Amino acid sequence: MAAFIPDLERLVRAARTDAPLADSPTHGEQHWRAVARTGIEIRRGDRLVSGRVLFLFALLHDARRFTTEPDPEHGP
């Protein structure tokens, strides 16, 4: 993944440090990990799915979220 993301550690560190809700069980790192586990299950069923894209989605999809308000369209 290093060729795809030159400084992966820096990206992960920035996501953790800059995420307003990083400690939130609903939208923080715990949730990001759950999304990654779901992505792994999706990839097991379809090897054409990019593991890199799944990883980046899991890491970044809520990293700049500022509220824990309900968001019914969030998943889709």
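This dialogue goes through the largest pocket and the surroundings of His-27 in a predicted model.

Reader: How should I read the largest pocket here, and what is its volume?

Author: A pocket can be read first by its volume, then by the residues that line it and the elements they come from. In this predicted model, the largest pocket has a volume of about 170 Å³, and its lining consists of Val-12, Arg-16, Glu-29, Trp-32, Arg-33, Ala-36, Phe-55, Ala-58 and Leu-59. The elements that each give two or more residues to that lining are helix 1 (8–18), helix 2 (29–45) and helix 3 (51–60).

Reader: Which helix gives the most to the lining of the largest pocket, and how do the lining residues divide into nonpolar, polar and charged?

Author: Helix 2 gives the most, contributing four residues. By residue class, the lining of the largest pocket has six nonpolar and three charged residues, with no polar ones.

Reader: Turning to His-27, where is it found, and does it count as buried or exposed?

Author: His-27 is found in the loop between helix 1 and helix 2. Burial is judged from relative accessibility against a cut-off, and His-27 counts as buried because its relative accessibility is 8%, where buried means under 20%.

Reader: With which side chains does the side chain of His-27 make a polar contact?

Author: The side chain of His-27 makes one polar contact with the side chain of Asp-62, at 3.2 Å, and another with the side chain of Arg-65, at 3.3 Å. When neighbours within four places in sequence are left aside, the residues in contact with His-27 are Leu-21, Trp-32, Asp-62, Arg-65, Thr-67 and Thr-68; of these, Trp-32 also lines the largest pocket.

Technical notes: Residues are numbered from 1 along each chain as its sequence is written. This is a predicted model: local features need pLDDT of at least 70, side-chain atom pairs count only at pLDDT 80 or more; totals for chains, interfaces and linings use all residues. Side-chain values use heavy atoms; hydrogens and water are left out. On a 1 Å grid over the protein atoms alone, a cavity is a set of points where a 1.4 Å probe fits but cannot get out, and a pocket is an open set with protein on both sides within 12 Å along at least five of seven lines; lining residues have an atom within 4 Å of a point. Grid points are joined across faces, edges and corners, and a volume is the space filled by probe spheres set on the points. Ala, Val, Leu, Ile, Met, Phe, Trp, Tyr, Cys and Pro count as nonpolar, Asp, Glu, Lys and Arg as charged, and the others, Gly among them, as polar. Buried means under 20% relative accessible area, exposed over 50%, partly exposed in between (1.4 Å probe, protein chains only). A polar contact is a pair of N or O atoms within 3.5 Å; within protein, one must be able to donate a hydrogen and the other to accept it, and residues adjacent in sequence count only if both atoms are side-chain atoms. Contact means heavy atoms within 4.5 Å.
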